[in-house]
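Student: I would like to learn how to read a structure from its contacts. Can we take one and work through it?
Tutor: Yes, here it is.

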Amino acid sequence: MMAEVEITDDDTLLERTFGWLFQDVHALLTRSFDRRVDHLELTRSQWRVLSPLLREDGITQTALADLVGIEKAPLGRTLDKLEKSGWIYRKADPNDRRARRVHLTDKLDPYIPEVLKASDALFGDVFRGFKSEDVEALMRYLMIIKGNITDVETKIRPQS
């Protein structure tokens, strides 16, 4: 059941549509995070690829692509840059010669606390003035939206 929402003429402005506003927030978050960690020479998009490896080092490139929601080709280019810079290394999967496993190097270790601190500070700034239950509700709603979109996309284009 959808809640009734009164729409005014101002609400039809492009800048106030959900997609537009969501994109603006995402872009601002990205720029702010990148500025906070630019001295580490890692972008938010690179950190997005590295962070799952902290939990599951050595996953396949395909599993990593699925996990971070990046197509294989762009992920491959990001991994090439990360490997060239010494953040990761890749090696063949011993059980599947077509697959490559992605591993972190020790280079990232000293930076992890600083990146986590920058992330905490960013979200502290972002959610300033929010009650914790409001943040929890927002996260819950975003997870529902993500699930709804995933369901629709799966129906439109089933996984192969």
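Tutor: Start with a charged pair. The side chains of Asp 93 and Arg 101 meet in a salt bridge, at 2.9 Å from N to O. Bear in mind that this is a predicted model.

Student: Is each partner buried or exposed, Asp 93 and Arg 101?
Tutor: Read the relative accessible area. Asp 93 has 7%. Buried means under 20%, so Asp 93 counts as buried. Arg 101 has 27% and is partly exposed.

Student: How many salt bridges does the protein have?
Tutor: The count is 5. One of them joins Asp 96 and Arg 98, with the closest N and O atoms 3.3 Å apart. Asp 96 is partly exposed at 26% relative accessibility. Arg 98 is exposed, with 75%.

Student: Which residues are joined into a network by shared salt-bridge partners?
Tutor: Asp 80, Glu 83 and Arg 90 form one network. Within this network, Arg 90 bridges to Glu 83, and their closest N and O atoms are 2.8 Å apart. Arg 90 is buried, with 10% relative accessibility. Glu 83 is partly exposed at 26%.

Student: What stands opposite Arg 90 in S2?
Tutor: Look across the strand pair. Val 102 in S2 is the residue facing Arg 90. Strand S1 covers residues 88-93 and strand S2 covers residues 96-104.

Student: In which sense do S1 and S2 pair, and over how many bridges?
Tutor: The pairing is antiparallel, over 6 bridges. The two strands make a hairpin, with 2 residues between them.

Student: What is the general idea for side chains along a strand?
Tutor: In a regular strand, side chains alternate between the two faces of the sheet.

Student: Where does the hairpin fall in the order of elements?
Tutor: Read from the N terminus. The order is α-α-α-α-β-β-α-α. That gives 6 helices and 2 strands in the protein.

Student: Now the rings. How many aromatic pairs are there?
Tutor: The count is 4 aromatic pairs. Take Trp 87 and Tyr 111: their ring centres are 5.4 Å apart, with 65° between the planes. Planes over 60 degrees apart count as edge-to-face, so this pair is edge-to-face.

Student: Where do these two rings sit in the chain?
Tutor: Trp 87 is in the loop between helix H4 (72-84) and S1. Tyr 111 is in the loop between S2 and helix H5 (112-126). They are 24 residues apart, and the pair links distant parts of the chain.

Student: Is Trp 87 buried or exposed?
Tutor: Trp 87 is buried, at 4% relative accessibility. Tyr 111 is partly exposed, with 27%.

Student: Which charged residue sits over the ring of Trp 87?
Tutor: Lys 107 does. Its charged end is 4.4 Å from the ring centre. Look also at Arg 140, which lies over the face of Tyr 141, 5.9 Å from the ring centre.

Student: Which residues form an aromatic cluster?
Tutor: Phe 123, Phe 127 and Phe 130 form one cluster.

Student: Let us step back to the whole chain. What share of the residues is buried?
Tutor: Of the 160 residues in the protein, 26% are buried. The accessible surface comes to about 12,200 Å², and carbon and sulfur atoms hold 55% of it.

Student: What share of contacts joins residues at least 24 apart?
Tutor: The share is 48%, among contacts between residues at least 6 apart in sequence.

Conventions
Residues numbered from 1 in each chain as written. Predicted model: local features only at pLDDT ≥ 70, side-chain atom pairs only at ≥ 80, totals over all residues. Heavy atoms only, no water. Pairing = 2+ DSSP bridges. Helix = DSSP H or I, 4+ residues; strand = E, 2+ residues; numbered from the N terminus. Buried < 20%, exposed > 50% of the residue type's maximum accessible area, 1.4 Å probe, protein only. Contact = heavy atoms within 4.5 Å. Areas by Shrake-Rupley, 256 points an atom, 1.4 Å probe, with all protein chains shown as cover. Phe/Tyr/Trp six-rings, centres within 6.5 Å; stacked < 30°, edge-to-face > 60°. Lys NZ or Arg CZ within 6 Å of the ring centre and 35° of its normal. Salt bridge = Lys/Arg side-chain N within 4 Å of Asp/Glu carboxyl O.
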